[in-house]
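Dear colleague,

Here is the structure I said I would hand over. My notes on what was found in it follow below the display.

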Amino acid sequence: MDRKQLTEKEVPHQLQIVRFSEWTGRTGSSSNNNYQLGNGIGSEQLHQPAINSNTARQQNPYAKQPLQHSASLSASHSQPPGGSYQSSGVGSSSAGLRAEGNPFAASASQHQQYQQSLPAPSGSSVNVNVTVNVVARSVTASTMTTTTATTTSTTTLAPPRPMQKVIPTVVYLMSRIAVHMEIEGTAQCPAQVMLAAALGCEELGITNKLLAQSVFGLWMTSPLLEVQLKPHHRPYAVRVAWSKLLDKHSHGNELEKLSDEPMTTLRRNVFFSRRDEEKIKDPRILELLYEEARHNVLLGRYVMEPSQSIMLGGIQARIELGPYNSHTHTTSYFRENQFRFLPAHVAKSSSWSWLPISQRSSAEVRLLEQFKRVPTTATTKKLMRKYLEFCWGLPFYGAAYFHGQVEQPVRGLMSLMQQKDLPVLIAVNERGIFVIDQIECTLLLGLKYEEFSWEYAKPSNANDPECLPCIFLQFGAVENGIAATKLMQIFSRQAAMVDALITHFIEQDKRRKESGADPADQAAGGLADNTYVEPNPIKNNGIGVLSNKFSRLTLATFDDEGRCIGQTGSLSISY
């Protein structure tokens, strides 16, 4: 990918920004548009650069130290050739998303347009018939059972009118439940109505249905793209436009896009506060949250030390298998079924699982030991909550995940060879942003909102499909006892969604502070939390799964006076 040609003029000290120009295309021509690496959302408006600038972000109220640079950055890369980029501030990035129906950046005008598209109410009646068929399998140690139920509700408001078209719809839950429903006017049905119908099924046993509608949301998901729908979004319309969303936001090839089939799923609402989740007592809601957390652990999205994965696997095994039975729950049993309880990168290869050989330090032996340690008197409800309590401590719990790629640092003769970018997962939640190596399932970079500044940059040539949007991250670090500033670039077709979600959480915390919220509540909520250390603190020593690994990232390094003191990979600096 051809990297940007990054240039910067002298920046006044009080601006605390970095400005960039457009990337050069394969023709080698340069442009004059400037980048601004914003400092989040604050109360002080940044000045505009003099040359072809875009709207700048306001100063980040969480910034720990001034970040000033005066340097020219240039880079070349082997990924997408050509295409120049223009910076996008808060206003411009949101505007670009509205046209695409981005669930993370919808405006009031968008909701108004949707309302106008609905059929105008007439004096005739509105008959709403909702049929929910639930096929459920229990997740306890008892024998798996299947139940089917039908719930029908009819509300008559006026004389009858012609029935609108009904399209059979299925909503999948993380607890292996499929909710089949038939809703009149399916094409116009908003996500809020469909969500209420799914959660309102009596067979789910949810007592506080209003709370459940806040905890969960409807998602449209596939291996290539995952989006949470806003209450006024129409799932049917999103499904019809799915191929266009893939062309805009996915990294899949044409064959993968052609065969991609999304599902409407019920998942945790990314905007729901972790602090509020910890107060939930409804066992059925907690069970759904447990199932989703278990899914993310087994998928390798909730990265952690192998010993912690095995500990959670032992709890899961106790929930699903019941108390330990020496005749059934043997080492060979867990060797054959370890992928059921452990992430793939932790579990031992099953190629030779038929051999009765297991080392004492092997995953299946340690899993069996953890399984035995679970008290026989522990109830399923307590075990699920224990599982969740550990996951609540993970810094990226409840995050929305996006696909991206970063340049790998190369040195010596390897720098002469073309290198592929490293695929990464970008996790964003109320606490911050986290870059995860999805191959090795380890954290590369984790930052809370008060620790970094960011900017979303999009191609100025929108017609070039090979030129990827990107997110710039600017953050402070200490190396060899010297304070420095790091600059990182993440490429992703979903960068606009990342930018919109970060903006939402920053503005949400700003409103909370302006309203005079209790500082203790803020600390428990996330952004103002400067005391978070348990149970898995993110360190900067590069040791362990949950640590920032600067040596594996392509970064530009600046001192406190804005002078470049180091760079890796294809990134080069000039003055």
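A search of the whole structure, which is a predicted model, finds 0 disulfides. Cys470 shows how a cysteine can miss out: the closest cysteine sulfur to its own is in Cys467, and at 8.6 Å that is too far for a bond, since a disulfide needs the two sulfur atoms within 2.5 Å. Cys470 counts as buried, because its relative accessibility is 0%.

Confidence comes next. The mean pLDDT of the chain is 73, and 63% of its residues reach 70 or more. Over residues 1-101 the pLDDT is below 50, although this stretch has 323 contacts in the model beyond near neighbours in sequence. A second stretch, residues 106-155, also stays under 50. For residues 106-155 the model has 119 contacts beyond four places in sequence. Please read both stretches with their pLDDT in mind.

Now the strands. Strand S14 covers residues 422-428, and 6 of its 7 residues are buried, so the strand is mostly covered. S14 pairs with strand S13 (residues 400-406) in the antiparallel sense, over 7 bridges. Within that pairing, Phe402 has Ile426 in S14 as its bridge partner. S14 is also joined to S15 by 5 bridges, and these two strands run antiparallel as well. Here Val424 stands opposite Asp437 in S15. S14 and S15 form a hairpin, with 3 residues between them.

Two loop residues other than glycine have a positive phi. One of them is Cys441, with phi near 55 degrees. Cys441 is found in the loop that runs from strand S15 (432-437) to strand S16 (442-448). Is Cys441 buried or exposed? Its relative accessible area is 10%, so Cys441 is buried. The other is Arg176, whose phi is near 60 degrees. Arg176 sits in the loop between strand S8 (169-173) and strand S9 (177-183). Arg176 counts as partly exposed, because its relative accessibility is 28%.

On to the aromatic residues. How many aromatic pairs does the structure hold? There are 13. In one of them, the rings of Tyr302 and Tyr397 have their centres 5.8 Å apart and their planes at 50 degrees, so the pair is tilted. This pair links distant parts of the chain, as Tyr302 and Tyr397 are 95 residues apart. Tyr302 lies in the loop between helix H9 (283-299) and helix H10 (306-321), and Tyr397 in the loop between helix H13 (380-392) and S13. With a relative accessible area of 4%, Tyr302 is buried. Tyr397 is buried too, with a relative accessible area of 7%.

Another pair is made by Phe396 and Phe434. Their ring centres are 5.8 Å apart and their planes stand at 85 degrees, so this pair is edge-to-face. Phe396 lies in the loop between H13 and S13, while Phe434 belongs to strand S15, so the pair ties together parts that are 38 residues apart in sequence. Phe396 counts as buried, because its relative accessibility is 0%. Phe434 is buried with a relative accessible area of 2%. There is also an aromatic cluster, formed by Phe271, Tyr449, Phe452, Trp454 and Phe505.

Phe505 leads to the last item, helix H14. Phe505 is one of the buried residues of H14. Others that are buried in this helix include Ala495, Met497, Val498, Leu501, Ile502 and Ile506. The buried residues of H14 also include Asp499 and Asp509. Does the length of H14 fall short of, exceed or agree with what its residues should span, and what is that span? At 1.5 Å a residue, the 20 residues of H14 (residues 495-514) should span 28 Å, and the end C-alpha atoms are 29 Å apart, which agrees. Just after H14, Gly516 takes a positive phi of about 75 degrees.

Regards

Notes. Residues numbered from 1 in each chain as written. Predicted model: local features only at pLDDT ≥ 70, side-chain atom pairs only at ≥ 80, totals over all residues. Heavy atoms only, no water. Helix = DSSP H or I, 4+ residues; strand = E, 2+ residues; numbered from the N terminus. Expected span 1.5 Å × (residues − 1). Buried < 20%, exposed > 50% of the residue type's maximum accessible area, 1.4 Å probe, protein only. Pairing = 2+ DSSP bridges. pLDDT = per-residue confidence, 0-100. Contact = heavy atoms within 4.5 Å. Phe/Tyr/Trp six-rings, centres within 6.5 Å; stacked < 30°, edge-to-face > 60°.
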